[in-house]
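Let's take a walk through this one together, from the way the chains meet to a few backbone oddities. Have the sequence and the model open as you read.

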Amino acid sequence: MSRKELEEAAVVKGGTSSAYVVSGWRVKRPVINEAKCTNCLICWIYCPEPAIVRHEGAKVTIDYDHCKGCGICEAECPLTAISMVMEP
Amino acid sequence: MVALQGDEAVAEAVRQCDVDVVAAYPITPQTIIVEKLAEFVATGRFSGEFITVESEHSALSACLGASATGARVFTATSSQGLAYMHEMLYNVSGMRLPIVMAVANRALSAPLVLNADHSDMMGSRDSGWIQVYAENVEEIYDRTIQLFRLSEDPRVMLPSAINFEGFILSHDKERVRLLEDGPIRRFLRRPTTKHRLDPKEPFTFGAIATPDTYYEFRMQQAEAMRNALAVFEETEREFEAFSGRRYGAVDAYNTEGADRVVVVNGCTAGTMRVAARAMNAGGENVGVLAIKLYRPFPTEEVVSRLRQAKSVMTMDRSISLGAPSGPIAEDVKSALKGAGINQPVMSLVYGIGGRDVTVEDGKKIFGLAKDETSFGGASVMYGVKG
């Protein structure tokens with residue numbers, strides 16, 4: 001691509017991370033224990049990717065296409081409702 | 001006409017330039033700028049957003065975000081603070097954000113020193129910021145105003161730094177002829193960002209590049225820097241039209257046909273000019289070339305001003321440790337050599353860590369320039385003890 005065609009300052013439309021599947025990056029996957037989860041949304045706040053999904057009238061779920069398996073949600077969950085388990 | 005310290009003059013200019021956002025962290029000798037702006041906010045004289053932050057890294061990060069929304073943004077720092085911003089300097093220039101920053105130049109730790117030299121900004125020389133060095137308080141005031149116009153020009157869109165030596169200029173009270181708000185506002189344009197941060201239409205700025213594209217992004221910046229040379233001239237012309245004041249990318253005093261010309265930046269340019277005038281009155285023939293615009297480097301103008309000089313001596317107020325000579329020396333040598341001029345260029349380092357340079361020193365320095373053979377290849381470290 002020539003520099004005339006490149007958008008100056010490398011500006012691109014937002015939302016690129018939601019368009020990119022990172023499922024293959026994981027060694028471990030987070031699994032939510034629904035009985036322990038109070039839907040406090042701390043995992044949703046801390047997750048650096050769009051991988052924790054909120055639902056109207058239901059508890060959070062995980063979008064595994066966008067979860068890199070970093071384990072931050074497990075570390076931050078105050079109720080130990082999330083555990084990282086080995087990918088099969 | 002009022003008496004203002006250099007820092008106060010910057011704050012006054014920022015207030016008059018209708019700046020939207022200021023995020024800055026106080027550091028000696030720039031602190032007065034931040035204090036003065038905070039005072040303007042407290043007394044309702046500045047209506048922009050003043051973001052208090054916990055560090056210089058955060059200051060420039062906040063500025064980056066604000067500038068990406070299309071706001072006019074200002075920050076100020078010095079020495080360690082500029083070093084702490086270093087990472088963000090490249091992000092700001094790479095994202096083509098026209099932030100203006102004041103740098104009250106101060107030497108770097110260790111050992112800790114509060115006084116002036118240029119090693120802070122010279123350490124950020126290649127960060128893609130336009131760099132101007134002022135030599136008196138009124139010039140600091142004028143340049144601050146000019147740089148908003150220059151940076152925000154659609155052909156440029158690069159951040160810029162107004163540099164002035166800590167304490168010598170930041171704290172010195174000098175006469176300043178303040179300008180009216182009206183003509184300043186008419187002289188300035190709003191930032192011309194094509195894309196703006198907007199929650200309704202999200203954009204990613206400075207998204208990832210690959211070895212296939214990164215080089216070209218850098219080339220775009222290099223072209224913008226080249227454009228900045230011409231736009232700088234235009235900016236000065238339009239500023240002169242309402243203020244009657246013009247400085248040039250360089251200031252040449254008696255450079256044509258002089259036996260010896262010193263090339264210098266910052267406040268020492270004035271000192272050297274006074275020394276030169278006194279010497280010329282006594283029958284010598286010496287000149288001074290002050291570099292006002294350091295990045296982009298006004299190569300052609302420097303070459304044309306030095307072409308006639310019998311010998312040239314560069315003066316660097318910073319040490320490039322382990323280098324053949326100082327940064328100004330290397331720029332001047334390569335500019336002359338590139339134009340096929342082979343006159344001797346002698347490199348001198350002075351004023352490190354705020355060591356004073358008087359008119360008497362200036363005369364001694366011109367005296368040193370008489371004897372090229374004593375210089376050899378290495379820089380002369382003027383004024384260093386023992």
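**Where the chains meet**

A good place to start is Val12(A), which sits opposite Thr204(B), a residue of strand 9 of chain B. Keep in mind that this is a predicted model. The two residues belong to a pairing between the chains: strand 1 of chain A (residues 12-13) and strand 9 of chain B (residues 203-204) run antiparallel, joined over two bridges. Taking the chain contact as a whole, 13 residues of chain A touch 16 residues of chain B. On the chain A side, that breaks down into six nonpolar, four polar and three charged residues.

Now zoom in on chain B. It splits into domain 1 (2-243) and domain 2 (250-381), with 27 Å between their C-alpha centres. Across the boundary, 25 residues of domain 1 of chain B meet 21 residues of domain 2 of chain B. On the domain 1 side, helix 5 (119-122), strand 6 (130-133) and helix 8 (214-243) of chain B each give two or more residues. Helix 8 of chain B has the largest share of that side, with five residues. By class, the domain 1 side comes out at 15 nonpolar, five polar and five charged residues.

What about the inside? The largest nonpolar core holds 120 residues, and Cys63(B), Val262(B) and Val263(B) are the ones touching the most other members. Both domains of chain B feed this core, with at least three residues from each. Pick out Val263(B) and, ignoring neighbours within four places in sequence, you'll find it in contact with Leu289(B), Ile291(B), Val312(B), Thr314(B), Met315(B), Ile328(B) and Val332(B). Separate from that core is another one of 10 residues, including Cys47(A), Ile52(A), Cys73(A) and Cys77(A).

Finally, the backbone oddities. Follow chain B to Ser109(B), and you'll hit a cis peptide bond to Ala110(B), with omega about -10°. The bond from Ala110(B) to Pro111(B) is cis too, with omega near -5°. Ala110(B) lies in the loop between strand 5 (100-105) and helix 5 of chain B, and Pro111(B) is in the loop between strand 5 and helix 5 of chain B.

Two non-glycine residues have positive phi values: Leu41(A), near 75°, and Phe167(B), near 65°. Leu41(A) is in the loop between strand 2 (28-32) and helix 1 (42-46) of chain A, while Phe167(B) is in the loop between strand 7 (160-165) and strand 8 (173-176) of chain B. Is Leu41(A) buried or exposed? Leu41(A) counts as exposed, because 12 other C-beta atoms lie within 10 Å. Phe167(B) has 18 C-beta neighbours inside 10 Å, so Phe167(B) counts as partly exposed.

Methods. Residues are numbered from 1 along each chain as its sequence is written. Chains are lettered from A and ligands numbered from 1 in the order in which they are written. This is a predicted model: local features need pLDDT of at least 70, side-chain atom pairs count only at pLDDT 80 or more; totals for chains, interfaces and linings use all residues. Domain bounds come from an automatic or database domain assignment. Two residues are in contact if their C-beta atoms, placed from the backbone, lie within 7 Å. Helices (H or I, at least four residues) and strands (E, at least two) are DSSP runs, numbered from the N terminus. Ala, Val, Leu, Ile, Met, Phe, Trp, Tyr, Cys and Pro count as nonpolar, Asp, Glu, Lys and Arg as charged, and the others, Gly among them, as polar. A nonpolar core is a set of buried Ala, Val, Leu, Ile, Met, Phe, Trp, Tyr and Cys residues joined through C-beta atoms within 7 Å. A residue is buried if 20 or more other C-beta atoms lie within 10 Å of its own, exposed if 12 or fewer, and partly exposed in between; C-beta atoms are placed from the backbone. Two strands pair if DSSP finds at least two bridges between them.
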